[in-house]
Amino acid sequence: MTGAAAAVRREAVAGSPKISFAGVEKTYATRGGANGGTLALDRFDLDIAPAEVLSIVGPTGCGKSTALNILAGFEPPSSGGVRVDGRVVTAPGPDRGVVFQQAALFPWLTALDNVVLGVKCRGEARELYEPKALRLLEEVGLKGFERHYPYQLSGGMQQRVQIARALVNEPDILLMDEPFGALDYQTRLLMQKLLLRLWEHFRPTILFVTHDVGEAIFISDRVIAMTRRPGRVKCELRVTSPKPRDYDFLSSTEFKALERELVLAVQSEVDDYA
Ligand SMILES: Nc1ncnc2c1ncn2[C@@H]1O[C@H](COP(=O)(O)OP(=O)(O)OP(=O)(O)O)[C@@H](O)[C@H]1O
Ligand SMILES: [Mg+2]
């Protein structure tokens with residue numbers, strides 16, 4: 001998607017949310033069907049604006065991945081629904097690119113082939129998609145590594161391949177479930193800046209799940225904290241500093257105040273267990 005195309009698409013839906021979770025409830029069946037199952041999400045409501053970067057933080061097991069998986073179309077809600085551009089989500093689609101915590105690459109395919117796989121499955125001509133994939137690999141900093149296999153790449157490089165793969169279908173929406181969770185601190189910071197740079201270029205709507213409140217604040221327009229399970233939105237914070245941001249934002253008054261508020265919001269959910 002070009003920047004101009006993205007702007008036109010955003011304008012067309014100005015005012016209406018890109019993504020809307022309304023009264024979403026999710027119960028996972030317990031093995032054997034006893035005890036009525038696990039209620040993971042309960043009355044989960046959330047609107048996300050076009051091109052907004054929204055992060056979700058919350059205690060482990062509160063339903064963050066469940067919410068993301070329902071939006072991705074991997075899991076159906078038990079009741080309520082999720083809409084994208086007003087249409088109810090019923091299945092995965094190329095409009096939603098997904099990046100997981102562990103680089104889910106095919107070990108027998110090169111970086112380039114991992115990136116083009118998604119397009120290939122849709123029957124597009126190689127002459128069209130290969131240059132695009134090569135451009136994307138360059139954009140995520142992997143020029144020269146196109147023919148490397150995953151085992152020849154570091155964890156951070158593998159995550160870059162995953163991001164390129166998620167972008168190759170020119171999705172309107174990027175769904176990221178702790179994508180940098182397994183990386184060391186320095187690589188994490190680099191990846192956060194890379195994500196902001198890619199956002200500037202492609203302007204997708206991003207739903208980002210993380211345990212790291214600093215990461216959430218650094219990349220987002222808005223951060224929501226969830227209650228413990230069954231998860232729903234507990235509170236939301238807006239980050240007003242304009243994107244793209246640099247590392248000096250990490251020591252700003254705004255960052256520190258938001259970080260404190262978010263840590264307390266999440267911690268109070270965990271403390272109640274003690
Ligand atoms: N496929 C599944 N089958 C049964 N229960 C599940 C399934 N997936 C998740 N759950 C349960 O639903 C609840 C929410 O899980 P979920 O993975 O959404 O949490 P999370 O917030 O992403 O946690 P974490 O921060 O640890 O990744 C948990 O109690 C979990 O055990
Ligand atoms: Mg999770």
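Here is a walk through this structure, from its domains down to single residues. Keep in mind that you are looking at a predicted model.

Let's begin with the overall layout. The domain assignment splits the chain into domain 1 (3-87 + 171-271) and domain 2 (96-166). Notice that domain 1 is written as two stretches of the chain, 3-87 and 171-271. Taken over C-alpha atoms, the centres of the two domains are 24 Å apart. Where they touch, domain 1 puts in 16 residues and domain 2 puts in 13. On the domain 1 side, strand 7 (173-177) and helix 6 (185-202) are the elements that give two or more residues. Strand 7 has the largest share of that side, with five residues. What sort of residues make up the side of domain 1 that touches domain 2? Twelve are nonpolar, two are polar and two are charged.

Now look inside. In soluble globular proteins, nonpolar side chains tend to be buried together. Here, the largest nonpolar core has 68 residues. The members that touch the most others are Leu71, Val115, Leu137, Ala164, Leu175 and Leu262. Both domains take part in this core, each with at least three residues. Try clicking on Ala164: leaving aside residues up to four places away in sequence, Ala164 touches Val115, Leu136, Leu137 and Val140.

Next, find strand 3, residues 53-57. Is this strand mostly covered or mostly open? It's mostly covered, as five of its five residues are buried. In a regular strand the side chains alternate between the two faces of the sheet. You can follow that here: Val53, Ser55 and Val57 point one way, while Leu54 and Ile56 point the other way. Strand 3 also has partners. Strand 8 (residues 205-209) runs parallel to strand 3 and is joined to it by four bridges, with Ser55 partnered by Phe208. Strand 9 (residues 222-226) pairs with strand 3 in the parallel sense too, again over four bridges, and there Val57 is partnered by Ala225.

There's another sheet to find, and this one is antiparallel. Four strands make up this open sheet, in the order 2-1-4-5. Strand 2 and strand 5 (87-88) sit at the edges, so to speak, each pairing on one side only. Strand 4 (residues 79-84) and strand 5 are joined by two bridges, and one bridge partner pair is Val84 with Arg87.

Move on to helix 2. Seven of its nine residues are buried, so helix 2 is largely enclosed by the rest of the structure. The buried ones are Lys64, Thr66, Ala67, Leu68, Ile70, Leu71 and Ala72. Leu71 is one you've met already, among the core residues that touch the most other members. Just after the helix, Gly73 takes a positive phi of about 90°.

Helix 2 leads us to ligand 1. Which residues surround this ligand? They are Tyr28, Thr38, Ala40, Gly58, Thr60, Gly61, Cys62, Gly63, Lys64, Ser65, Thr66 and Arg229. Strand 2 (38-48) and helix 2 (64-72) each supply at least two residues of this shell, and helix 2 has the largest share, with three. By class, the shell holds three nonpolar, seven polar and two charged residues. Set that beside the domain 1 side of the domain contact, with its twelve nonpolar, two polar and two charged residues.

Conventions: Residues numbered from 1 in each chain as written. Chains lettered and ligands numbered in written order. Predicted model: local features only at pLDDT ≥ 70, side-chain atom pairs only at ≥ 80, totals over all residues. Core = buried A, V, L, I, M, F, W, Y, C linked by C-beta atoms within 7 Å. Buried ≥ 20, exposed ≤ 12 C-beta atoms within 10 Å, placed from the backbone. Domains from an automatic or database assignment. Contact = placed C-beta atoms within 7 Å. Pairing = 2+ DSSP bridges. Near = placed C-beta within 6 Å. Nonpolar A, V, L, I, M, F, W, Y, C, P; charged D, E, K, R; others polar.
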